[in-house]
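User: I would like a close look at one part of this assembly, namely how its chains meet one another. Please define each term for a first-year student.

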There are 4 protein chains.
Amino acid sequence: MGANGYGKDGVRLVLVRRHADHHELRDLTVNLRLEGEFAAVYTEGDNSPVLPTDTMRATVYALATEHLTGDVEDFGRVVAERLLAATPAAERAAVSITENRWTRLSPGGHPHPHAFAADQGARWTAHVTVDRPDTATVTSGIAGLVLLRTTGSSFTGFRRDEYTVLPEAEDRILATELAATWQYRPGPTFGGFAATREAVRDALLDAFAGHDDSRSVQHTLYVLGQAVLTARPEVERITLRMPNLHHLTVDLSPFGQDNAGEVFVATDRPYGVIEGTVERPA
Amino acid sequence: MGANGYGKDGVRLVLVRRHADHHELRDLTVNLRLEGEFAAVYTEGDNSPVLPTDTMRATVYALATEHLTGDVEDFGRVVAERLLAATPAAERAAVSITENRWTRLSPGGHPHPHAFAADQGARWTAHVTVDRPDTATVTSGIAGLVLLRTTGSSFTGFRRDEYTVLPEAEDRILATELAATWQYRPGPTFGGFAATREAVRDALLDAFAGHDDSRSVQHTLYVLGQAVLTARPEVERITLRMPNLHHLTVDLSPFGQDNAGEVFVATDRPYGVIEGTVERPA
Amino acid sequence: MGANGYGKDGVRLVLVRRHADHHELRDLTVNLRLEGEFAAVYTEGDNSPVLPTDTMRATVYALATEHLTGDVEDFGRVVAERLLAATPAAERAAVSITENRWTRLSPGGHPHPHAFAADQGARWTAHVTVDRPDTATVTSGIAGLVLLRTTGSSFTGFRRDEYTVLPEAEDRILATELAATWQYRPGPTFGGFAATREAVRDALLDAFAGHDDSRSVQHTLYVLGQAVLTARPEVERITLRMPNLHHLTVDLSPFGQDNAGEVFVATDRPYGVIEGTVERPA
Amino acid sequence: MGANGYGKDGVRLVLVRRHADHHELRDLTVNLRLEGEFAAVYTEGDNSPVLPTDTMRATVYALATEHLTGDVEDFGRVVAERLLAATPAAERAAVSITENRWTRLSPGGHPHPHAFAADQGARWTAHVTVDRPDTATVTSGIAGLVLLRTTGSSFTGFRRDEYTVLPEAEDRILATELAATWQYRPGPTFGGFAATREAVRDALLDAFAGHDDSRSVQHTLYVLGQAVLTARPEVERITLRMPNLHHLTVDLSPFGQDNAGEVFVATDRPYGVIEGTVERPA
């Protein structure tokens with residue numbers, strides 16, 4: 001029996017904190033995984049080392065009230081540590097969390113105590129791995145941030161071979177659905193994962209808006225990564241995934257119209273994929 | 001040959017208006033349909049009456065620059081009228097538009113001239129039908145508005161039969177993904193479809209937040225519909241679809257915990273569906 | 001309060017019949033709806049007429065063992081009648097069923113008593129409406145039947161306007177994801193809904209394969225519908241939805257290659273939509 | 001700049017071979033990736049090393065007629081080698097292919113020359129990586145094989161902690177959507193990738209049907225893996241992903257019914273995930 005692991009995906013937790021004058025709302029989707037000395041489970045059908053995935057699920061709910069009090073990274077770590085403690089055969093527990101965010105409604109400009117609308121855009125993500133005896137690795141992230149520039153983006157001077165028909169583009173739409181994940185430097189103190197995440201998002205948005213000389217998705221990816229490293233000393237490295245969501249200029253010449261970068265068709269497939277990690281110099 | 005129709009679905013149009021100091025961005029998905037005297041196309045294989053669906057698609061792009069200058073309802077009507085004019089066999093043209101919305105980025109608080117982030121929440125919708133010789137019906141809408149109240153919602157006093165195991169709920173989460181469509185009164189002038197839509201959305205959000213005595217999804221649906229009719233005299237009737245996105249209280253008693261409306265599991269399937277039209281008295 | 005209705009969608013039922021020497025497996029997704037005199041539920045918050053959607057869900061499970069013994073149409077009718085009987089305010093109950101099908105595994109050519117693989121292709125569908133006092137309407141269907149011809153399909157002689165750039169196609173790929181629904185004549189006896197459905201599917205497949213002179217999707221749609229009406233006297237009318245899943249010939253001339261109808265790109269959006277009902281002469 | 005890569009996802013290729021008396025149909029979705037010395041693309045905006053993703057896409061179409069003559073693994077290798085040859089900066093090219101399969105229609109029992117229905121079940125997969133100067137790694141696979149046993153599966157004797165509420169199950173439904181990937185031993189000759197794949201699938205199906213004493217998903221996973229290694233000497237190791245698609249026994253006791261493993265609700269989320277590699281002894 002080679003490498004193996006097991007767990008539960010898609011655990012949906014909604015937590016309401018009922019304060020005297022208002023409610024707080026948290027909404028998580030959690031994936032859980034255990035790895036370790038489980039070979040006999042496979043080869044012998046011996047279930048004695050196996051903490052059931054149903055228990056892994058229940059653990060999320062059982063720990064929520066007491067421990068989901070702040071950052072999802074912290075909650076993820078508590079869950080991972082508990083799973084590891086409850087499962088002697090496990091050498092590693094991993095917890096991945098996606099936080100769906102909600103905005104408090106504000107009728108008449110007054111924040112409402114208990115009514116919310118879903119933020120359906122970017123999601124907060126976290127991935128915590130705890131290895132025995134007690135080494136935790138925390139990765140934070142943002143996913144689903146869809147960005148578009150209508151100008152200030154080119155793609156020229158690229159390599160050509162006999163199958164290259166793409167024309168040089170001096171001015172094109174640049175659109176992406178950005179997913180970022182980052183890890184932390186051991187040293188610098190910081191104001192908590194949420195503070196970093198908000199700041200990373202702001203840095204990404206500002207850098208995306210500001211990069212008016214984008215020569216490629218790659219070029220912008222690097223500018224975004226550098227902006228984050230510059231803004232946040234606690235970030236050790238950041239990995240960015242930036243699919244190139246193609247917008248093709250429609251040929252309107254058959255209809256006697258010029259199309260000076262105005263009318264586009266947004267396509268689903270295929271799409272470019274650009275991925276890279278920007279890290280501090282060693 | 002009985003009733004029939006044909007058209008094109010999923011036409012993706014992105015339009016950029018390049019003003020001197022800023023760009024405007026529009027992003028539509030358009031479905032197109034023609035109905036009329038097309039029986040011979042089916043029975044004889046006679047294509048002479050058929051405007052190709054590819055031409056229907058091209059029409060959207062060809063008309064965009066000149067006619068997508070304001071409300072999608074107006075653009076939809078222009079497209080529908082053009083399709084009808086180009087197709088003598090057609091008696092009816094229908095155009096359905098979903099507008100995906102984008103928010104201008106504002107680095108440092110300054111609106112950026114050409115960088116945007118996608119609003120991935122509620123979408124604007126419009127459905128325009130034009131019948132020969134020239135009768136237009138316009139329906140406007142909002143889809144994908146996900147709302148949740150953590151309290152102020154009950155479900156009690158319902159009918160019970162031998163298969164009813166649901167307990168009465170004095171205080172439950174009420175969550176829905178609201179879709180609204182409405183039609184217009186012939187009389188009252190108004191400030192344009194966009195103004196109505198923004199106002200309808202505000203009325204829906206305020207009424208949802210304000211309905212602290214919800215006795216059912218149906219009850220809240222009616223309050224929402226009435227709020228719109230009260231706020232906007234130009235709206236003749238409004239149809240609301242409000243799935244009941246169930247949040248089940250997790251039983252924590254096996255873990256020695258009380259769960260006083262704090263820990264919930266959000267479920268995908270099955271889900272309740274509540275639909276109704278609220279209209280003005282005849 | 002105008003038109004309204006409520007119910008439960010996405011009720012998943014798996015039924016295992018444990019016979020002595022083999023098991024039978026059924027797998028349904030059920031949607032349920034009630035309509036009638038429910039205005040006070042909306043306007044007054046009076047829940048007394050409302051059979052909860054949770055009870056509607058439970059009814060499916062409670063009736064399964066005794067009543068899901070054969071065709072889904074018959075089971076749907078039993079469920080609809082029960083919902084109507086249990087809900088005095090209701091005037092109509094509607095039940096939509098999709099049956100996901102499984103194939104018994106046959107290791108060594110021997111049908112296995114209790115191991116199955118999912119048929120992930122065409123799904124059986126049924127829609128039963130029962131109106132008070134006792135009028136049932138039954139619609140049967142097949143969905144998700146993906147078909148493709150590599151030749152024997154053209155599209156020429158169509159109407160052209162100034163936005164028509166589509167070339168005439170003497171020989172093209174014809175691909176569709178067919179969905180068919182049909183209703184029954186009052187008179188002719190028949191061997192049960194399943195027998196009709198199998199025969200309808202065979203008639204559709206044979207007619208699709210045999211239509212070597214397809215002049216359009218519409219043309220083939222009609223041939224398919226006629227084939228069903230000819231083969232099955234119990235079918236009163238059949239509605240076919242046949243999206244045109246476009247396969248575009250790739251231009252290989254820049255690479256010095258001729259593309260004589262060999263290399264295609266299958267596209268997702270936009271896609272053509274062709275819908276029509278073929279019925280018997282009055 | 002740290003690790004990085006780029007490419008194109010979702011390239012859809014349909015190939016028709018027009019033989020004299022029949023047509024062959026192939027239907028692939030291809031993902032392409034390049035890695036290597038591209039740091040300056042990111043840091044300097046220097047595009048000269050970059051083969052455009054559009055060229056990567058075009059390469060698939062340009063090579064199809066000549067090279068997609070047999071196994072997708074062989075076609076993938078040709079594409080990967082070409083991409084590497086065309087891109088001096090690249091150190092690695094990776095090509096992932098999913099083959100969607102079609103079944104020839106057989107009206108009247110006669111195989112039709114050019115009409116097909118889509119097999120919407122299991123898909124063939126292949127992943128080929130070529131590293132400079134010329135080292136290829138080939139992984140073959142099957143995805144989307146949905147299997148279910150109605151009995152002969154238990155889950156007992158597992159570890160319990162204070163959050164464990166799952167009862168022991170002596171007889172439960174075992175359902176999964178199996179995905180398998182395997183790699184090849186350098187030595188043994190074999191009859192081609194397709195022959196192995198068909199044989200692997202048969203071994204998986206037979207072993208799944210035959211494992212009447214399943215003590216867990218893990219246990220069955222191992223039996224499946226061993227069956228493949230036993231049947232096919234050319235397979236070096238096989239990785240199986242087997243989500244546990246939960247089927248919950250419905251409590252019918254409130255309705256006065258016993259439910260002796262007959263009525264189940266199939267759930268979507270959460271679901272168990274079991275993954276493992278079965279390999280030959282070193």
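Analyst: The following account takes the contacts between chains in turn and then turns to one strand.

This is a predicted model, in which local features need pLDDT of at least 70 and side-chain atom pairs count only at pLDDT 80 or more, while totals for chains, interfaces and linings use all residues. Residues are numbered from 1 along each chain as its sequence is written, chains are lettered from A and ligands numbered from 1 in the order in which they are written, and side-chain values use heavy atoms, with hydrogens and water left out.

Consider the meeting of chain D and chain A. Each of the two gives 67 residues to the contact, where contact means heavy atoms within 4.5 Å. Together chain D and chain A bury about 5400 Å², with 54% of it on carbon and sulfur atoms; buried area is the accessible area (1.4 Å probe) that two parts lose on being put together, summed over both. Six salt bridges are found across this interface, a salt bridge being a side-chain nitrogen of Lys or Arg within 4 Å of a carboxyl oxygen of Asp or Glu. Arg33(D) and Glu275(A) form a salt bridge, with their closest N and O atoms 4.0 Å apart. There are also 32 residue pairs in polar contact, both residues at pLDDT 80 or more. A polar contact is a pair of N or O atoms within 3.5 Å; within protein, one must be able to donate a hydrogen and the other to accept it, and residues adjacent in sequence count only if both atoms are side-chain atoms.

Among the elements of chain D that each supply at least two residues to the side touching chain A are strand S1 (4-18), helix H5 (217-231) and strand S10 (271-279). Helices (H or I, at least four residues) and strands (E, at least two) are DSSP runs, numbered from the N terminus. S1(D) pairs with strand S10 (residues 271-279) of chain A in the antiparallel sense over six bridges; two strands pair if DSSP finds at least two bridges between them. Within this pairing, Lys8(D) in S1(D) is the bridge partner of Gly272(A).

The meeting of chain C and chain D comes next. Here 52 residues of chain C and 51 residues of chain D take part in the contact. The area buried between chain C and chain D is about 4500 Å², 57% of it on carbon and sulfur atoms. Two salt bridges are counted between chain C and chain D, and the side chains of Arg18(D) and Asp171(C) meet in a salt bridge at 3.2 Å, N to O. S4(C) and strand S5 (residues 135-149) of chain D run antiparallel and are joined by three bridges. Phe116(C) lies opposite Leu148(D) in S5(D).

Finally, strand S1 (residues 4-18) of chain B deserves attention. Because 14 of its 15 residues are buried, S1(B) is largely enclosed by the rest of the structure; buried means under 20% relative accessible area, exposed over 50%, and partly exposed in between (1.4 Å probe, protein chains only). Strand S9 (residues 263-266) of chain A pairs with S1(B) in the antiparallel sense over two bridges, and Phe264(A) stands opposite Val14(B). S1(B) is also joined to strand S10 (residues 271-279) of chain C by six bridges, again antiparallel, with Asn4(B) partnered by Gly276(C). Within chain B, eleven bridges join S1(B) to strand S2 (residues 23-36), which runs antiparallel to S1(B), and a hairpin links S1(B) to S2(B) through four residues.
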